[in-house]
There are 2 protein chains.
Amino acid sequence: MGTSLRDVAVLAGVSVKTVSNVVNGYAHVSPATRAKVEEALARLDYRPNLSARNLRQGRTGVIALALPELDAPYFAELSRFVIDAAAEQRWLVVIEQTDGRLERERQILDGVRDHRVDGLIFSPIAIGADELAARTDDTALVLLGERIHDGPADHVAIDNVRAARDITEHLIGLGRTRIAALGAQDSSISGTAPLRLAGYRQAMAAHGLPEIVATVERYHRADGFAAMTALLTGGTGDAGGTEDAGGIEDAGGIGDAGGVGGTGGAGERPDAVFCFNDLLALGAMRAILSSGLRVPEDIALAGLDDIEDGRYSTPTLTTVAPDKSQLAHIAVDLLKQRIDGRAHAPRELRAGYRLMVRESTVPPPAASGR
Amino acid sequence: MGTSLRDVAVLAGVSVKTVSNVVNGYAHVSPATRAKVEEALARLDYRPNLSARNLRQGRTGVIALALPELDAPYFAELSRFVIDAAAEQRWLVVIEQTDGRLERERQILDGVRDHRVDGLIFSPIAIGADELAARTDDTALVLLGERIHDGPADHVAIDNVRAARDITEHLIGLGRTRIAALGAQDSSISGTAPLRLAGYRQAMAAHGLPEIVATVERYHRADGFAAMTALLTGGTGDAGGTEDAGGIEDAGGIGDAGGVGGTGGAGERPDAVFCFNDLLALGAMRAILSSGLRVPEDIALAGLDDIEDGRYSTPTLTTVAPDKSQLAHIAVDLLKQRIDGRAHAPRELRAGYRLMVRESTVPPPAASGR
DNA sequence: CAGCCCGTTTACAACGTTGGAACAACGTTG
DNA sequence: CAACGTTGTTCCAACGTTGTAAACGGGCTG
């Protein structure tokens with residue numbers, strides 16, 4: 001092992017505790033001893049053993065961030081902000097991926113107790129509110145991006161219902177009338193899907209427009225591609241493709257995702273689509289373009305998440321941009337309060353968002369050619 | 001704190017060590033005692049305190065993965081594989097971001113020594129081979145994705161020179177003659193940029209074609225957009241845009257990146273571009289398309305990394321697909337060997353790659369309409 | 001039945017750190 | 001100059017775990 005306080009103490013000719021005091025900036029150390037100790041510290045290039053410190057103090061300085069998958073751009077971008085926000089507290093972040101699987105989510109929630117981490121920021125998909133409530137563990141927990149009503153834990157998210165309503169209103173404001181929602185889910189218990197769907201419904205109802213709802217199994221490009229293809233061909237067939245290996249070439253023909261249900265007059269092609277996230281929208285965009293239709297002229301397209309891809313696609317993607325930095329900071333702050341033992345009733349906090357109108361709903365003045 | 005071995009021992013009426021033996025599956029424990037202890041363990045829902053175990057054993061079971069930025073899709077995808085590969089060793093992974101800044105890289109390399117992690121998988125950009133060699137620390141280290149010749153540490157990467165040559169050959173094979181390389185860097189010391197440039201040069205030289213090289217500062221979409229715009233307008237102007245907030249709207253007009261140098265006849269528009277990564281390619285694609293030109297008819301475009309975005313862009317992006325899973329597994333294996341103290345001379349290992357030909361170089365049979 | 005072996009269990013120490021009590025040195029006060 | 005407070009330093013214990021060595025006890029051998 002490396003050099004310990006003991007080694008430094010021997011070299012400096014003082015006690016171990018005095019060295020500890022110097023290291024921790026304890027006030028009452030005479031300048032002379034401090035100098036001696038500091039020289040010894042430097043000479044031996046001492047580094048505290050954090051395992052030992054943690055054992056002693058019962059803290060590890062590490063938090064876990066559990067999310068469905070790191071290679072979904074939204075989560076990658078969010079992780080970046082969480083890591084940065086945690087760094088401000090001098091915390092390290094370990095990342096755990098659940099793939100949205102219930103079993104994994106249980107395991108994460110449970111595994112927190114091995115004392116390796118001080119707290120958990122958790123973006124659940126499959127697990128239900130009841131199960132979360134039944135948690136016996138008292139490790140600090142903050143939920144991110146989900147809304148479990150009256151949940152047992154702190155929670156941060158944007159106002160998904162309102163955001164969905166806003167963007168649907170935007171599409172309506174363009175004069176579109178056959179506006180589809182793409183991204184409803186049958187299975188998801190605690191997902192944001194129902195919230196976004198609710199927002200879409202509110203807007204459609206307010207204007208007396210018929211609902212067209214396409215469901216997907218997951219939130220990948222492949223699912224958006226499949227569901228959009230189904231919308232275009234008017235059937236529930238030709239869907240599937242949760243597998244993304246190989247990309248588009250593999251999509252179509254397999255699987256069972258992508259049901260489409262219209263309230264009235266299903267069969268006519270939609271003239272606008274609100275996708276519940278940007279990945280779905282990019283998959284859908286590809287499906288529209290490769291069917292020979294134009295975006296936005298034939299079909300206006302909007303997403304939600306504001307991932308970077310959507311700022312460079314052709315056309316660029318209109319979307320809702322959650323304030324990811326704010327989300328991360330709020331989550332870390334809440335967690336810090338829990339860890340520090342400042343117990344409150346579970347809180348629901350909202351982060352802001354902005355509507356980003358881009359070419360997929362409103363073409364630039366000079367239609368093409370920069 | 002939670003329940004400890006001690007608590008369990010008291011309940012089961014045995015010594016602490018016996019409980020420890022049961023927990024660790026030590027062979028010589030009588031069935032009767034084992035049963036008693038196991039019941040007590042279950043009743044108290046015991047979880048080992050890993051801080052203590054680590055202190056005792058000098059291992060933390062945590063490794064660090066340091067990379068430039070998590071929100072670059074290539075690194076996000078790679079991280080996913082590293083986390084999964086580490087999980088097979090029952091390791092957790094903390095992620096550190098360097099933003100490619102030298103100071104951060106130094107800090108990471110140095111900070112490893114606080115005993116919080118057993119090893120480090122490091123994807124450096126700025127730091128030089130000399131500095132790496134001068135490292136006094138002996139914590140396990142594996143370099144990922146860089147090639148520091150005769151470096152002081154284990155190293156995994158694909159054969160960048162050959163991959164770049166292959167893809168350039170592919171472009172040449174299409175009959176293109178004015179093929180640009182986009183992604184050279186002035187500053188990067190240890191980056192892959194020089195290797196990819198070398199591969200490009202080998203291929204061009206072999207066919208007697210003139211080189212056209214565009215430099216960038218970083219590897220983001222904005223840089224690709226700016227550099228491509230410069231290539232199209234034939235000047236070195238209108239570049240910049242390392243900042244990616246706000247997307248394309250902000251790119252152009254600011255900054256100083258994007259020099260273009262041709263060996264002969266610069267000024268004519270290239271008919272193919274090999275971008276040193278997919279993000280650059282996607283930025284470049286957007287620049288080409290919004291200038292009114294077509295991909296691949298007017299300009300064929302290829303990238304490197306095989307990020308998922310390129311499988312759904314319009315047109316889809318021809319690229320080199322490194323075997324990310326293999327990269328991750330090799331890195332983790334090498335690290336494991338180091339951590340286990342099996343010392344070898346530093347090793348250079350290669351992961352495989354595949355050329356993925358897509359629409360951006362070869363349009364599908366039925367040019368449009370699925 | 002002494003001696004021995006072997007399987008099982010325990011006591012002890014140690015990993016490196018820090019909180020708290022104890023203690024020493026020193027200057028101040030009455 | 002005794003009592004006292006302040007400042008600086010040390011000693012001890014403890015965090016929870018596991019390696020080592022030793023103790024225990026039962027069955028077998030000689």
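Which DNA strand has a phosphate oxygen 3.2 Å from a polar side-chain atom of His28(B)? Select DNA strand C and you'll find that oxygen there; the pair is a polar contact, meaning N or O atoms within 3.5 Å (within protein, one must be able to donate a hydrogen and the other to accept it, and residues adjacent in sequence count only if both atoms are side-chain atoms).

Before going on: this is a predicted model, where local features need pLDDT of at least 70 and side-chain atom pairs count only at pLDDT 80 or more, while totals for chains, interfaces and linings use all residues. Residues are numbered from 1 along each chain as its sequence is written, chains are lettered from A and ligands numbered from 1 in the order in which they are written, and side-chain values use heavy atoms, with hydrogens and water left out.

**Stop 1: strand C**

Stay on DNA strand C and show the 27 residues around it; Leu5(A), Tyr46(A), Arg56(A), Thr18(B) and Thr33(B) come nearest. Being near takes a heavy atom within 4 Å. Next, pick Asn49(A): a backbone N or O atom sits 3.1 Å from a phosphate oxygen of strand C. For a base, go to Arg56(B), whose side chain has an N or O atom 3.4 Å from a base nitrogen of this strand. Now colour H2 and H4 in chains A and B, as these elements give two or more residues each to the surface near strand C. H4(A) has the largest share, five residues. Helices are DSSP runs of H or I, at least four residues, and strands are runs of E, at least two, numbered from the N terminus.

**Stop 2: strand D**

Switch to DNA strand D, with 26 residues around it; the closest are Thr18(A), Thr33(A), Leu5(B), Tyr46(B) and Arg56(B). Zoom in on Leu5(B), where a polar backbone atom is 2.6 Å from a phosphate oxygen of strand D. At Ser15(A), a polar backbone atom is 2.9 Å from a phosphate oxygen. Arg56(A) reaches a base: a side-chain N or O atom lies 3.4 Å from a base nitrogen of strand D. Here H4(B) supplies the largest share of the surface, four residues.

**Stop 3: Asn21(B)**

Select Asn21(B), in helix H2 (residues 16-23) of chain B. Is this residue buried or exposed? Asn21(B) counts as buried because its relative accessible area is 16%, and the cut-offs are under 20% for buried, over 50% for exposed and partly exposed in between (1.4 Å probe, protein chains only). Leaving aside neighbours within four places in sequence, Asn21(B) is in contact with Tyr26(B) and Val29(B), contact being heavy atoms within 4.5 Å.
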